[in-house]
Every structure is written in structure tokens, then in C-alpha cells.
Amino acid sequence: METRKIKIFDTTLRDGEQSPGCSMNLKEKIEMAKQLERMRVDVIEAGFAISSQGDFVSVKTIAETVKDCTVASLARASEKDIDRAWEAVKGAADPRIHLFLATSPLHMEYKLHMAPDDVYEMAVAMTAYAAKYCPNIEFSAEDATRSNWKFLAKVIEGVIAAGATTVNLPDTVGYTLPDEHYAFFMRMREMAPSLNDVTISSHCHNDLGLGVANSLAAIRAGVSQVECTVNGIGERAGNAAMEEIVMGLYTRKDYYQAETGIATSEIVRSSSLLTRITGVKVQPNKAIVGENAFAHEAGIHQHGVMQNRATYEIMTPESVGLNKNNLVLGKHSGKHAFKARVASLGYSLDDAELEMAFEKFKSLADKKKTVYDRDIEALVAKEAVQVPRIYRLNSFVINSGNTITSTAVLKMTHNDRTIEKVSRGEGPIDAAFKAIEKIVGRELALEDYQLGSVTEGEDALGDALVKIKTADGAVFSGRGLSTDVIEASIHAYVNAVNKMIYAEKEGMYSDAVLEKRAAKRSR
Ligand code: KIV
Ligand code: ZN
């Protein structure tokens, strides 16, 4: 039997990014998009152009940057949305407008307040409107799996006749079950035969933990595009996880007779980059990209793996790009060796970013016996998504102990001006964070604080994550790296502050926050 090609439609930057705690700034989105291109996804859904000025700019920039993938923007079925989506994607090598309209009785009655006939008319008219701009049109029937099949078939036939080249039938609320999902697609292909002339797509949410199973069932039923996100991030319980679908097809090609074009060795890097950007970690036992996914603890398993890896390993760590303790460079390595290593890890830094990353590498190599690929990746990934350093840490002195109140003295630079503040706090971290707040002169709440390490070992690089919340509810995350955990924490807080200022300057705020601000001003 011939192997079918399944297109991977990545919506990490749209459905993923709209979930709590996962928002990204322009630089981060571009870096993530470049990584998705490196991983060879077929379609990047770069955002929802009309939702905010920030989203519009990021969709447009990604469309103009990415060359080897289709770039899509989401749009509601309205002329205004479609105009904006087209404006954002038209500079892409292969632009796509992705419009959606709900077709389930629940959504039509309570959300759209529209009769089914009107929904049909609108779906067809807006598809035709979008098709005037662009030959690559995707129509999504939101909440398709809870729609009336006869009505859905009518909508599908209508939008295909109007110019849709991809029809997506989402399981918007993660309600469907794998057998049912298979039967649903098989039946839709019979009831709306034109489906067989276009790309049929599945988009599964994970509310019952079945997003990946449902996507694979849809593939068996003839779907040739699946929509998913890196690490499965997304609304509520998330979207189907891309790495699981891809490796499911890769490992069980014998069963599915289908494959993707994904460079599987880029999977771990994509997952780590997303975690680094959003600060949202995956659980250790998460399939494919969790910390323990390839760890063999039980003696009997270790023994088996040593004799023959296939005893307990159905895919190799290398196939997903996991190259654990890869010793690379030391303190005597020069800039050329560092640059070559960075390039082989898949990063392209400009001269200033490379210089900065090299300085950090040198100071790390001075403190740490062994520098692994993972250390370098952490440094470089951070540099690649670095926003302008409006505030910089110069020095800190902290006095702390279990019998005294901690005091922090911090010196920072802001626009060439040095500012020094002293603060007390419950422990060294709290004192340091309060001193930064005083320097910045803003009321900021600490939403989250986590400390981890990039590799194992006593001299490991400490990796701090800080999330701060502004008075109007916007949340910004920052990362900091240092072999000294207090320094890593301070860097993380300063990074979050710089991201906040960058977002304010670039208009990256979501409409929800802007509305809240406007309401506050008019009070
Ligand atoms: O879940 C959903 O239905 C969606 C559509 C907008 C495609 O995300
Ligand atoms: Zn969705």
C-alpha cells in the first residue's frame, strides 16, 4: 500500500498562545516560527490577525520571514476579519486565510444567535470573499463534532463550491472518542463527497485526554492534515500534541501507512524552546519530550536495554533529537568553535547576539567543569529571544541568614543612569525582588517563581523562571541563568521587567488588557 503524506498544521502560535500563561512577544514568536520551519511543519498558523495590533504585527512579520512553510492567519467569517488576515499574510511565500464559523446547534443558538440557514449563507459568502484574495483557503466548522451531520455536510459542500481548499472539522471541546471520530470522518466523506477533492483536516482538543488518539483515528479515516501544537499547549486541557502524533506515525508507519515531513530530530529542541519562552514546563512523564520519556530506572529494564535497546525502547532518544550529556566545549574553546557549535545546534544569531552569548559562555566555562550542549542551548535560546535590555543588573549585595531580616542592595542601569536601591524582605530572593520593584518604580505582583537546573551536577547552571503581574493584569515571564541561583533569580526578574516594557512599547498587549486599561482610565 502506498504511504500517504500527512500535513502538520502547527497552531502553537495561535491556539497554543491564546491559553493562559503561554503568551509570547514578537521576538519569541519569530524565534518559535523559525524553529517550526526548521522542523519542517507544513503550515504555521501565526496568529489571529484582527485580535490585536500585536498579533497583526507578528503574523505579518512571520509571513515575511518564513520561506518554506505555508503561513496562515485565523479570521472569523466576517469581511473585516478576512481583510485584516489577508493584510497580514499576503507577504508570505504561500499565504493561507483560515476562516471559521460554528455549526453546532449550541454554538449557533447561544453564541452566534443565528439560524442554521443564516450560518450556511454566511459560511459560503465569506469563503467566496476570502477566495477572491487568495487561492489557499481553509474553512473550519467550529464544534463540528457536535453538529448535525446533515447540516454540516451541506455547509461543507457549500464552502468547497465557494473556494475552500482545506476543510477542517474540529473537535473544539474535546468531546469525541476515537472510534466515534473515525466513524464521523468516514461518514462525512460519504455525505459530503466533495471533501474527497480537498484537504481534509482534523483539529482535536484534549479535554478527555484523547486529542492525539482522536487525531490518529482521523488519519485512519482519510484525513490528510492534522492541527496540533508543540507540547500540546492550548485552551483548557490543550490541543493534540504534535510530537506525539508525529512519533505515533513514525513508530507505527506499518499500521498507519502514513508519514509526515517532520524532521523528528528537531522535536526536543522545539519543545525546550517553547518551555524556555513560555515558562510552562511539561510533566516529567510526558510522552516523547518529558524528562523521563527515555529514562530507564528499573534494574530489570536497564539490564534489558543494555543487551538490546529494543527490549524497552520503541524509538531511540536520538530520533527525537535527545542527545543527553554531550560534552562539547571548554574554557579554552575559541569564538570560532563556539560559533560552529551554535550553528550546528540550529541557531542563527547576529553578531551582537553571538558576542553576548559567547561572553556568557566564557564566564560559564570559568565556573563550570563541563559545558554540555544543553547549557549552550539554554544560553543561546535566551539570547535569541532577548528583548532590549532597558534595565540591566550591575551588582548586588545581599545580607541574609536565619536570625536576621534579609537586606538586598541592588545597583542597576536604566538608559545609562545608575540607580541603587535597598530593600528588606523575607529571605534573599524576596529582598532582591523588592529592590528591583523600587528601582523600576512600578507595582508588580510575583505570580510564579521556579528554580531548576539546566543539567545535573553540583556546578550545574541554575535556571530561574519568574512571572510578574502588572496592576492591569498582564503577566510577563522572565528567565535567568547563572551558576549562582540568586543571580539567576535576579536576572529572571529583570528579564520579565524588560519584556513588560518591550510589550508596552510594541503594542503587544492583547485586546482584553487594552480594554481593561481603557476602562480604568475612563473611571
Ligand atoms: O478549536 C477550534 O474549533 C478552533 C477553530 C478556530 C479552528 O480552534
Ligand atoms: Zn482549537
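Let's start with a helix on a sheet. Helix 17, residues 428-440, lies across strand 13, strand 14 and strand 15. Helix 17 runs at about 140 degrees to strand 15. A second helix packs on the sheet too: helix 18, residues 485-506. Helix 18 touches strand 13 and strand 14, and its direction makes about 145 degrees with that of strand 13. One caution before I go on: this is a predicted model.

Now the sheet itself. The sheet is open, with three strands in the order 13-14-15. The pairing is antiparallel. Which strands stand at the edges? Strand 13, residues 391-399, and strand 15, residues 417-425. Each has a single partner strand, so one side of each is left without a neighbour in the sheet. From one strand to the next, the twist averages 20 degrees. Look at strand 14, residues 406-414: it pairs with strand 15 in the antiparallel sense over nine bridges. If you want a register mark, take Leu410, which stands opposite Lys421 in strand 15.

Next, the metal site. Which protein atoms are donors to the zinc ion, ligand 2? Asp15 through OD, His203 through NE2 and His205 through NE2. They lie 2.0 to 2.1 Å from the zinc ion. Along the chain, the donor spacing reads D-x187-H-x1-H. Distant parts of the chain are linked here: Asp15 sits in helix 1, residues 12-16, and His203 in strand 8, residues 199-204. Those two are 188 residues apart. Asp15 and His203 are both buried.

Over to helix 4, residues 79-89. Its buried residues are Asp81, Ile82, Ala85, Trp86, Ala88 and Val89. Look down the axis of helix 4, and these fall within an arc of 160 degrees, so they line one face of the helix. What covers them? The cover includes helix 3 (53-65), strand 4 (70-76), strand 5 (95-102) and helix 6 (116-133).

Stay with strand 5 for a moment. Eight of its eight residues are buried. Side chains in a regular strand alternate between the two faces of the sheet. In strand 5, both faces are covered. On one side we have Pro95, Ile97, Leu99 and Leu101. On the other, Arg96, His98, Phe100 and Ala102. Strand 5 also pairs with strand 4, in the parallel sense, over six bridges. Within that pairing, Arg76 stands opposite Phe100 in strand 5.

Close by in sequence comes helix 5, residues 105-112, which holds His107. Is His107 buried or exposed? Buried, with a relative accessible area of 14%, because the cut-off for buried is under 20%. Leaving out residues up to four places away in sequence, His107 touches Ala102, Leu112, Glu142, Asp143 and Arg146. Ala102 you have just met, in the list for strand 5.

Last topic: cysteines. How many disulfides are there? Zero. Take Cys134. Its nearest cysteine sulfur is that of Cys69, 16 Å away. Cys134 counts as buried, at 1% relative accessibility. Then Cys204. Its nearest cysteine sulfur belongs to Cys228, 9.9 Å away. Since a disulfide needs the sulfurs within 2.5 Å, Cys204 is in none. Cys204 is buried as well, with a relative accessible area of 0%.

Notes. Residues are numbered from 1 along each chain as its sequence is written. Chains are lettered from A and ligands numbered from 1 in the order in which they are written. This is a predicted model: local features need pLDDT of at least 70, side-chain atom pairs count only at pLDDT 80 or more; totals for chains, interfaces and linings use all residues. Side-chain values use heavy atoms; hydrogens and water are left out. Buried means under 20% relative accessible area, exposed over 50%, partly exposed in between (1.4 Å probe, protein chains only). Donors are N, O and S atoms within 2.8 Å of the metal (3.2 Å for Na, K and Ca); water is not among the atoms, so sites may look incomplete. Helices (H or I, at least four residues) and strands (E, at least two) are DSSP runs, numbered from the N terminus. Two strands pair if DSSP finds at least two bridges between them. Axes are lines fitted to C-alpha atoms, for helices over the stretch in contact, and angles run from 0 to 180 degrees between N-to-C directions. Contact means heavy atoms within 4.5 Å. The arc is that of the directions from the helix axis to the C-beta atoms.
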